[in-house]
Each structure stands twice: as C-alpha cells, then as structure tokens.
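These are my notebook entries on one structure, written down in the order in which I looked things up. I begin with a single loop residue and work outward from there.

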Amino acid sequence: MKAQCPHCGTQYELEDSMNGTKVECECGHKWIVAERSFSNSQYTFLEQKPQQEKIETPNIETKCPYCNKNMQTQKSAIENKTHVMCIFCHGNFIPKRSYNAVYGCIAILFLGAIAVFFLFMIGSCIYDVNRDYGSGGKYEHNLSASHIAEETIKSKLLNPNGARFQDYSSQEIKRINNNTYEVTMWCDATNAFGGTIRKTFTVKIEISGNTGFGKIISER
C-alpha cells in the first residue's frame with residue numbers, strides 16, 4: 001500500500017499489514033495510515049489528535065457550617081457555588097473559602113493600627129485647635145498682646161483717639177516664652193504740627209493671668 005506524509009508530502013510504500021498503524025516520516029511528523037474501502041488506489045491519512053491533559057482543579061480548604069470541621073473541596077465548587085457534602089457529618093452546603101486564622105489576626109491588627117493612627121491624628125488636630133484657639137490659647141494671648149501693644153503706643157501719642165494701627169492679621173507677633181511677647185506694628189498718628197506720620201513700633205509685652213504690661217523697646 002502507498003502512504004503519503006500529510007505534512008511534507010513524501011510518499012512511502014508500506015505493507016498492507018501497516019494499515020491503521022502509526023508511522024513517522026523523515027520530517028518527524030507522525031500520523032496513522034488507513035486505506036479507504038471504496039478504492040484500492042486512494043488512501044486517507046488520519047493524524048492522531050493529542051489527548052488533552054486532564055486539568056486537575058486545585059483543592060481549597062473550606063469549613064462545614066454544621067460540624068465546623070475543615071475539609072478540602074474543589075476551587076470550582078466555591079466559584080460556581082455548587083453544593084457539596086461534608087465528609088464528616090454528611091451535611092449538604094455551599095462551600096466558602098476558609099481563611100487562615102493567622103491571616104485574619106494580621107488583618108485585624110492592621111485595621112486596628114490604621115484606626116489608632118486616624119484617632120491619633122484627629123486627637124492631635126483637636127489638641128492643636130484647643131491650644132491655639134481655646135481659652136488661654138495662642139490666639140487669645142496674641143490678641144491680648146496686640147491690644148496691650150496698641151494701648152501702650154497710644155499712651156505715648158499726642159492724639160491717640162485719631163491714631164490708626166496696622167491690622168491684627170498682618171502684625172508681627174513673637175512669643176519669647178510662656179508669658180512674654182514682642183509685637184511689631186505700624187501706627188499712623190498726628191504730630192505736633194498737625195501732619196500725619198507713620199511710625200513702626202516694637203512693644204515687649206508681659207502677660208500675667210488676665211492682666212498685662214507693655215513697654216516700647218524700639219520706634220522707627
């Protein structure tokens with residue numbers, strides 16, 4: 001019988017007994033030769049299809065909701081929500097992935113650390129607000145220092161009622177220590193000739209409780 005390689009076309013003379021057997025060509029191609037029943041001169045060459053490898057679905061640990069025992073089940077059963085039977089109590093249930101307790105503890109600790117961090121940040125912001133704007137805070141002391149500085153400067157002016165001072169938001173207020181401040185501001189005031197002049201004053205403030213004392217340390 002004649003046979004032809006379906007890959008490269010090379011023809012071979014084979015014994016009739018080789019009909020239906022697997023042969024290999026010089027080109028390395030392998031196929032099964034078979035003689036057609038309706039013609040002695042025509043042959044068909046059936047290439048053997050490789051068998052598909054069986055893909056094993058990995059097993060995943062799950063917990064039976066009835067007996068609370070861990071068992072192995074296929075991943076596809078969890079993904080497709082297929083009912084399975086417990087090998088211990090024979091209960092029928094839809095499996096869910098069973099998470100390792102160690103990973104659960106790590107996740108809880110991680111979330112707890114994040115919560116503590118945010119609580120700390122919120123508490124820190126509240127503390128800063130109370131420190132700066134609460135009773136006796138930085139804002140209140142700065143405002144008091146600015147007011148005392150203005151009164152101190154007014155006491156040195158000829159016409160204090162007509163004086164105009166620099167806005168509080170743009171004044172330079174320095175905290176020397178817990179009770180001592182330095183305030184620098186300009187003041188427009190009338191001089192002895194009736195003209196308005198601008199001078200910049202630096203006043204040292206001592207605050208004690210609800211009272212304070214100011215002293216001009218520079219004037220320009």
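Entry 1, a loop residue. I looked up asparagine 68 and found it in the loop between strand 6 (59-63) and strand 7 (70-74). I keep in mind throughout that this is a predicted model. Asparagine 68 has a positive phi of about 60 degrees, although it is not a glycine. Is asparagine 68 buried or exposed? Its relative accessible area is 54%, and because exposed means over 50%, I wrote asparagine 68 down as exposed.

Entry 2, another loop. Lysine 81 also has a positive phi, near 55 degrees, in a residue other than glycine. I located lysine 81 in the loop between helix 1 (75-79) and strand 8 (84-85), and with a relative accessible area of 62% it is exposed.

Entry 3, a glycine. Glycine 20 sits in the loop between strand 2 (11-13) and strand 3 (22-24). Its relative accessible area is 47%, and because the exposed class begins over 50% and the buried class lies under 20%, glycine 20 is entered as partly exposed. I also checked glycine 20 against tryptophan 31: they are 11 residues apart in sequence, and their C-alpha atoms lie 9.6 Å apart in space.

Entry 4, the chain as a whole. I noted three helices and 14 strands in the protein chain. Of its 220 residues, 26% count as buried. The chain exposes about 16,300 Å², and carbon and sulfur atoms supply 52% of that area. Turning to contacts between residues at least 6 apart in sequence, I recorded that 29% of them join residues at least 24 apart.

Entry 5, strand 12. How many of the 11 residues of strand 12 are buried? Nine of them are, so strand 12 is largely enclosed by the rest of the structure. I then went through the partners of this strand, which covers residues 180-190. Strand 10 (residues 164-165) runs antiparallel to strand 12 and is joined to it by two bridges, with phenylalanine 165 standing opposite cysteine 187. Strand 11 (residues 172-175) pairs with strand 12 over four bridges, again in the antiparallel sense, and there arginine 175 has tyrosine 181 as its bridge partner. Between strand 11 and strand 12 I found a hairpin of four residues.

Entry 6, the next hairpin. Strand 12 and strand 13 run antiparallel and are joined by 11 bridges, and valine 183 has valine 203 in strand 13 as its bridge partner. Five residues lie between the strands in this hairpin, where glycine 194 takes a positive phi near 90 degrees.

Entry 7, the largest pocket. About 190 Å³ of space lies in this pocket. Which strands each supply at least two residues of its lining? They are strand 12 (180-190) and strand 13 (196-208), the two strands that I had just followed through their 11 bridges. Among the lining residues I noted Cys187, Ala189, Ile197, Lys199 and Phe201, and the list also includes Lys156 and Glu219. Cys187 was already in my notes as the residue opposite phenylalanine 165. By class, the lining has six nonpolar, three polar and three charged residues.

Methods. Residues numbered from 1 in each chain as written. Predicted model: local features only at pLDDT ≥ 70, side-chain atom pairs only at ≥ 80, totals over all residues. Heavy atoms only, no water. 1 Å grid on protein atoms, 1.4 Å probe; cavity = no way out; pocket = protein on both sides within 12 Å on 5 of 7 lines; lining within 4 Å. Points joined across faces, edges and corners; volume = space filled by probe spheres on them. Nonpolar A, V, L, I, M, F, W, Y, C, P; charged D, E, K, R; others polar. Buried < 20%, exposed > 50% of the residue type's maximum accessible area, 1.4 Å probe, protein only. Contact = heavy atoms within 4.5 Å. Areas by Shrake-Rupley, 256 points an atom, 1.4 Å probe, with all protein chains shown as cover. Pairing = 2+ DSSP bridges.
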